[in-house]
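Work through the exercises below with the sequence and the model open. Each task is followed by a stepwise solution.

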Amino acid sequence: MKQLLIASTSTIHGSGYLDYLLDDLNVFFKNCQTILFIPYARPGGISHDAYTQKAQEAFQKINKNVIGIHEFESAADAINQAEGIFTGGGNTFVLLSQLYKNNCIEALKNAIHSGTPYLGTSAGSNICGLTINTTNDMPIVYPPSFKALAFVPFNINPHYLDPIPNTKHMGETRETRIKEFHAYNTFPVIGLREGSWLEVKGKTITLKGTLEARIFEYEKEPYEIKSDTTLQHLK
């Protein structure tokens, strides 16, 4: 049975790295002593070692060990042997490019479909959708494909921002960008606000956190869903 926690962000305002999720992660990874961390997204260009250390410091608070996937000779073998997996945020194009380069795509699909618990934040959440075409990141590298892991039957837009009333900013909103996406694609997109996450248990997908999420479906007006709403209708 699939077990995923797909979070919009790793950090909310006023808290440390993963702090707002730690209680849930303690339950989510209850049967795992060591978490395999995938640091490929490299936020701000941080090194794999430095990023892994950041994840280690967070998980130490719930008495879990963390080891970086880059420390293994074979990334695919590391995934196959993992008790639990965490993919951090950063640049989604860099992340997906590295997953393809290191032959991780099929290994991740097999592991998650076999029940290995998976946590993704930001870019690590983007790759759980059908494609990465609704990421906010700059395409600083070019992965072999924009197709992602398809653990959920829709795309994700983490860090979703609402239009700011009375702003003088004349650029496009996130909603405008997603409407542009739907000019060429028909599958749904969920706008995940900061501090929200999706809980996946088998075929059941549930919005968690205190905020609503914004749903974009092809040729429909966007609408809001409340926390604890299931998303089985999105196909």
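**Exercise 1. Find how much space the largest pocket holds, and describe its lining.**

Step 1. The largest pocket holds about 420 Å³ of space. A pocket here is an open set of points on a 1 Å grid over the protein atoms alone, where a 1.4 Å probe fits, with protein on both sides within 12 Å along at least five of seven lines; lining residues have an atom within 4 Å of a point. The volume is the space filled by probe spheres set on the points, which are joined across faces, edges and corners.

Step 2. Its lining has 16 residues, and Asn133, Thr134, Thr135, Asn136 and Arg177 are the closest to the centre.

Step 3. Helix H7 (residues 174-181) contributes the most to this lining, five residues. Helices (H or I, at least four residues) and strands (E, at least two) are DSSP runs, numbered from the N terminus.

Step 4. Sorted by class, the lining comprises five nonpolar, six polar and five charged residues. Ala, Val, Leu, Ile, Met, Phe, Trp, Tyr, Cys and Pro count as nonpolar, Asp, Glu, Lys and Arg as charged, and the others, Gly among them, as polar.

The model is predicted: local features need pLDDT of at least 70, side-chain atom pairs count only at pLDDT 80 or more, and totals for chains, interfaces and linings use all residues. Residues are numbered from 1 along each chain as its sequence is written, and side-chain values use heavy atoms, with hydrogens and water left out.

**Exercise 2. Do the same for the second largest pocket.**

Step 1. The space in the second largest pocket is about 280 Å³.

Step 2. Among its 15 lining residues, Gln3, Val27, Phe28, Lys30 and Lys201 are the closest to the centre.

Step 3. S1, helix H1 (22-28) and S8 each give two or more residues to the lining, and S8 gives the most, four.

Step 4. The classes are nine nonpolar, two polar and four charged residues.

**Exercise 3. Trace how S8 pairs with S9.**

Step 1. The two strands pair in the antiparallel sense over five bridges; pairing requires at least two bridges found by DSSP.

Step 2. Leucine 198 has leucine 207 in S9 as its bridge partner.

Step 3. S8 and S9 form a hairpin with two residues between them, and glycine 202 in the turn has a positive phi of about 65°.

**Exercise 4. Identify the residues with the most contacts inside the largest nonpolar core.**

Step 1. This core has 45 residues, and the ones sought are Ile85 and Leu99. A nonpolar core is a set of buried Ala, Val, Leu, Ile, Met, Phe, Trp, Tyr and Cys residues joined through side-chain atoms within 4.5 Å; buried means under 20% relative accessible area (1.4 Å probe, protein chains only).

Step 2. H5 supplies the largest share of this core, five residues.

Conventions:
Buried means under 20% relative accessible area, exposed over 50%, partly exposed in between (1.4 Å probe, protein chains only).
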